[in-house]
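Have the sequence and the 3D view at hand, and let us walk through them together. We will start with one chain and then see how the copies meet.

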There are 2 protein chains.
Amino acid sequence: MSDHMIRQYEDELRSLREMVLAMGSLTGEQLDAAIAASEHPDAALAARIIEREPDADRLEHQIDHLAIRLLALRQPVAIDLREVLSARRVAGELQRICDYAENLAKRLIALGEADVEARRSLVSIGRFATAMVKDAMHAYFAEDAGEAQKVWNRDRELDAMYTSLFRELITYMIEDPRRIMAATHMLFMARDFERVGDRATNIAEAVRYTVSGVPVEEERPKADATKSMVMPTMP
Amino acid sequence: MSDHMIRQYEDELRSLREMVLAMGSLTGEQLDAAIAASEHPDAALAARIIEREPDADRLEHQIDHLAIRLLALRQPVAIDLREVLSARRVAGELQRICDYAENLAKRLIALGEADVEARRSLVSIGRFATAMVKDAMHAYFAEDAGEAQKVWNRDRELDAMYTSLFRELITYMIEDPRRIMAATHMLFMARDFERVGDRATNIAEAVRYTVSGVPVEEERPKADATKSMVMPTMP
């Protein structure tokens, strides 16, 4: 490559990283808004999350488009190749996290002012999952495999929090059937936050791959026991 | 390109299509198994779905790898380029459908013999969604934009079926709190099938894009009203 081409290539790699950075910021804002609206009902804030969702789709397409252009025209190798592939992967995960934020916003609007006091555990899960996403993105920009590993390890704790909230909500429904609809929305919302944590774990895997060149073959820790939960004993 | 290179390129495009075909068949089998085990409890069949899930992940990686190789080395243009991009997109959707089949299998194992009679609506939704996936894959191989459009249109009906089952299950929980746990699993299973239909719709969009070259900007029809559902009036 000529000097000019090398400079151009480096500029493109830099813009790819900047686009992923912008998408990471948007994702963090969407999650923070979903947590705030879970804590204090705020239909306008929830509506704003839904309005901004197309921005995430657009960014993902732009990242994918530039990544493919880089792959096709520049044929990067070794760490540069892994960096381009990871940018695509991370953008895909962020897009799915933004989808979850949109789902959360729709349910928050339906919930309205209902059951505000019961939402505390949901807010805790939301904060825990959001911190995982932010730390995974930090590890991505710092190319820090150690930090990525720490994020990955935290998924087990998130799953345990989710399992515990799931049990709490089921018991709550049994005790007061008038709250079944609200509790069902909260079950799905808790599940959305739990999935956000899974996506953060995937971002952490992409970081480990970029830095080390070794794809993560190890299975993600799966401590979500709710799928296998059977009926609690009736009083 | 030399004749030899053109032949090699055509061979690679053909293997890409064959890999997507193989992945489509696996996905259809996983969904059929999930429906069969919803209708007649069968823990061994459900366990088999879980065992086969890594095959889908492996196929998706192979497809993505070959697609990127084609993009990088062959620099396809026009319909060939769209075909490579669509193969990746379709493989991504199929992988997510296989994830849903795995989720369904885990919940079916937890449900055991519970509430077999209540699962009829779930089976209907499962059949409807699976037919959408199979027809979308047929449209993909036939490069038939008209058939793809028909699949896309059917998502609205699936969403209506889901909304109706959602209501049924909520009422069911209110009437008999002992069934809350089983009904909750069924709510999540119904949701998984509804998501399978969304993925079929995305495959249909990829087909329309491959054939026409115009990306689908139109919003997917969203008639899933459950996210906005409020508490039914209490008796």
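The paragraphs below go from the make-up of chain A to its pairing with chain B.

Keep in mind from the start that this is a predicted model. If you trace chain A from its N terminus, the elements read α-α-α-α-α-α. In other words, the chain has six helices and zero strands. Its C-alpha atoms fill a box of roughly 75 × 40 × 25 Å along the principal axes.

How do these helices come together as a chain? Look at the contacts between residues with a separation of 6 or more: in chain A, 83% of them join residues 24 or more positions apart. Of the 235 residues in chain A, 54% are buried, that is, under 20% relative accessible area.

Now turn to the outside. Chain A exposes about 10,000 Å², and carbon and sulfur atoms supply 53% of that area. As for charge, the chain carries 41 negative side chains and 31 positive ones. The centres of these two sets lie 2 Å apart.

Next, bring in the other copy. A turn of 180 degrees, with a shift of 0.0 Å along the axis, lays chain A on chain B with an RMSD of 0.0 Å. The two copies are therefore related as by a two-fold rotation axis. To find that axis in your viewer, go to A72(A): in chain A its C-alpha is the nearest to the axis, 2.0 Å from it.

Which surface do the copies use to meet? They meet through the same surface, because 100% of the interface residues of chain A are also interface residues in chain B.

Notes. Residues numbered from 1 in each chain as written. Chains lettered and ligands numbered in written order. Predicted model: local features only at pLDDT ≥ 70, side-chain atom pairs only at ≥ 80, totals over all residues. Heavy atoms only, no water. Least-squares fit on C-alpha atoms with pLDDT ≥ 70 in both. Contact = heavy atoms within 4.5 Å. Helix = DSSP H or I, 4+ residues; strand = E, 2+ residues; numbered from the N terminus. Buried < 20%, exposed > 50% of the residue type's maximum accessible area, 1.4 Å probe, protein only. Areas by Shrake-Rupley, 256 points an atom, 1.4 Å probe, with all protein chains shown as cover. Lys, Arg positive; Asp, Glu negative; His and termini not counted. Charge placed at Lys NZ, Arg CZ, Asp CG, Glu CD.
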